[in-house]
Amino acid sequence: MTYDEALERLAAMGPEMSAKGPARKFTLAHIRALLGALENPQKKFSSVLIAGTNGKGSTAATLASIANAAGLRTGLYTSPHLLRVNERIRVSDGGVLAEIGDIDFARVFAIVDELARELVESEILPHYPSFFELLTAMAFVYFAEREVALAVLEVGLGGRLDATNSVEPIVSVITDIALDHMDYLGNTLPEIAREKAGILRENGVLVTLSQHPQANQAIGEKAMELNVRGVDAARFLPPSRGEGPGPRAQGPEGETLLARNRYELSVGGEVVMIDSPLAGQHQQRNIALAVATAVELRTNHWFAIPNAAIEKGVRDTVWPGRLEWIVQADASHAPLLLDVAHNPAGAWTLRAALAQLPEERPRTLIFSCLKDKQIAELAQVLFPLFDSTSGDPLRARDHIVLAPIQNPRAATVDELLEAAARLDVPAHAAPHLPGALAQAWAITPPEGIIVATGSVFLVGELRALTLDGE
């Protein structure tokens, strides 16, 4: 099977939660049956499992970078991807966390696909695995083949019934929890928190930070029930959060924009310089979780992760699309700020970051999202910041451009326009994202700022358009 054939097969399956076709019942029995037929590759490496609503990808990327800097053969499994599905599966290769190559992707896909079909034919599986189950099995097979010492796994949806929860993690991590995927996880914060806490194991270890009291209570009750040892990452938050910003991303003519997270921490009695390329104060919580997990791994699980590796790993973290600036080399267009904020909590985080930008610069918002997201709430948080009719003279040259994204679950332009109309905020419509980008470049002066957000799919497509120079 070729790489293109594998991609065609995956594309035909559709996304995990497509509005088309019958609803898929979530259960671990199916992924366990598939992994059993594959000789349980997930048992051939140690794993850290990371659940949460926001920040789990950033935490996973930072922790994997630290482990890689320590010289450990590291696997990283994340979702969704920005552009190429290969991005989801990465392994240390020559000191770099490299995505699985096309040849290996096709080969591993063929292995998993053949066994899955045999299991369906023999009625061991009631149906072919889902998109996410298939990719999860592929990641585990590849990690076992590459003999990774540590796999850092980002939970896809929830925790309790997520395919990644088929591993036995040596450490579980729970990041910040908010309302999202309520059709699948529950309508309240405690219900969602209990689903996330499904990654905990009896007598296991939980690394987390205090958050909303309802989420704390739900997680704490589950941890006590399972006799879980808790590790509070709070000691790895900066002593004075928000003070002493580090170097900022460069805008036109060398102007500084959002600050890097740069501060000193005491780790094991030594001073460690945290210098993360991930901007935004919210990332300090994700960095703290990653550092706390690294310290737990070296203290109680015999992984050699010195402080120098923590320092280097944080500094070398690669996690695009999170408050990421794309600046044209010739400054012919306004700089583009990409952020994958796809739920109200993420939108509020983005709003806090936007408050740090120069207010006098005109701004244009490119926005789209999936129709199963909280469109009205996302609009309410973000659209007023770009309201040219608000009466604020600094916002008089602002714009909002709305466009559909290439996904069967995408909200229509009419649905997006309706959200803007309800807020009485003017907005332009574009037929697609390339058109939206062209429109934003045309109406935003070079000294302005373009912000693109609302969906991972939007960020991925725009990032490809700008970096490819199209």
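Helix α10, residues 307–315, is a good place to start: its buried residues are Asn307, Ala309, Ile310, Gly313 and Val314. Looking down the axis of α10, these buried residues fall within an arc of 155°, so they line one face of the helix. A general point about helices helps here: an α-helix has 3.6 residues a turn, so residues three or four places apart point the same way. And what lies over that face of α10? The cover includes α3, β11 (261–267), β12 (270–276) and α9. One thing to keep in mind as you look around is that this is a predicted model.

## A second one-sided helix

Helix α12 (residues 375–382) can be read in a similar way. Its buried residues are Ile375, Leu378, Ala379, Val381 and Leu382. They cover an arc of only 165° around the axis, which puts them on the same side of α12. Among the elements covering them are α11 (344–354), β15 (363–367), α13 (413–422) and β18 (449–453).

## How helices cross

Now for some helix pairs. Here are the crossings side by side.

| Helix pair | Axis distance | Crossing angle |
|---|---|---|
| α3 (56–69) and α9 (283–300) | within 8 Å | roughly 40° |
| α4 (102–121) and α5 (131–145) | within 9 Å | roughly 115° |
| α14 (433–443) and α15 (456–467) | 10 Å | about 65° |

Take α3 and α9, whose axes cross at roughly 40°. That makes α3 oblique to α9. The crossing is right-handed. On the α3 side, the contact is made by Ser58, Thr59, Thr62, Leu63 and Ile66, and α9 brings Gln283, Asn286, Leu289, Ala290, Thr293, Ala294 and Leu297. Which classes of residue make up the contact of α3 with α9? There are six nonpolar, six polar and no charged residues.

Next come α4 and α5, with axes that cross at roughly 115°. That makes α4 roughly perpendicular to α5. This crossing is right-handed. From α4, the residues involved are Asp104, Phe105, Arg107, Val108, Phe109, Ile111 and Val112, and they meet Leu134, Leu135, Ala137, Met138, Val141, Tyr142 and Glu145 in α5. By class, that contact has eleven nonpolar, no polar and three charged residues.

Then there are α14 and α15, which pack at an angle of about 65°. The crossing of α14 past α15 is right-handed. Leu433, Pro434, Leu437 and Trp441 make the contact from α14, while Leu458, Glu461, Leu462, Leu465 and Thr466 do so from α15. Sorted by class, these residues are seven nonpolar, one polar and one charged.

## Two residues tucked inside

Is threonine 136 buried or exposed? Its relative accessibility is 0%, so threonine 136 counts as buried. You'll find threonine 136 in helix α5. Setting aside neighbours within four places in sequence, threonine 136 is in contact with Tyr77, Ala163 and Thr164.

Valine 401 sits in strand β16 (residues 399–402). With 0% relative accessibility, valine 401 counts as buried. Leaving out neighbours within four places in sequence, the contacts of valine 401 are Thr364, Leu365, Ile366, Phe367, His428, Ala430, Ala436, Gln439 and Ile443. You can also trace a link along the chain: valine 401 and leucine 433 are 32 residues apart in sequence, and their C-alpha atoms are 9.5 Å apart in space.

## Backbone details in the loops

A few spots in the loops deserve a look too. Which residues does a cis peptide bond join? They are serine 79 and proline 80, and omega is about -10°. Proline 80 lies in the loop between β2 (74–77) and β3 (89–93).

Asparagine 203 is not a glycine, yet its phi is positive, at about 60°. Asparagine 203 is in the loop between α7 (189–196) and β7 (205–208). With a relative accessible area of 52%, asparagine 203 is exposed.

Tryptophan 302 has a positive phi as well, near 65°, in a residue other than glycine. Its loop runs between α9 and α10, which brings us back to the helix we began with. Tryptophan 302 is exposed, with a relative accessible area of 81%.

Methods
Residues numbered from 1 in each chain as written. Predicted model: local features only at pLDDT ≥ 70, side-chain atom pairs only at ≥ 80, totals over all residues. Heavy atoms only, no water. Buried < 20%, exposed > 50% of the residue type's maximum accessible area, 1.4 Å probe, protein only. Helix = DSSP H or I, 4+ residues; strand = E, 2+ residues; numbered from the N terminus. Arc of directions from axis to C-beta. Contact = heavy atoms within 4.5 Å. Axes fitted to C-alpha atoms, helices over the stretch in contact; angles between N-to-C directions. Parallel < 35°, antiparallel > 145°, perpendicular 65-115°, else oblique. Left-handed = near helix turned anticlockwise from the far one by under 90°. Nonpolar A, V, L, I, M, F, W, Y, C, P; charged D, E, K, R; others polar.
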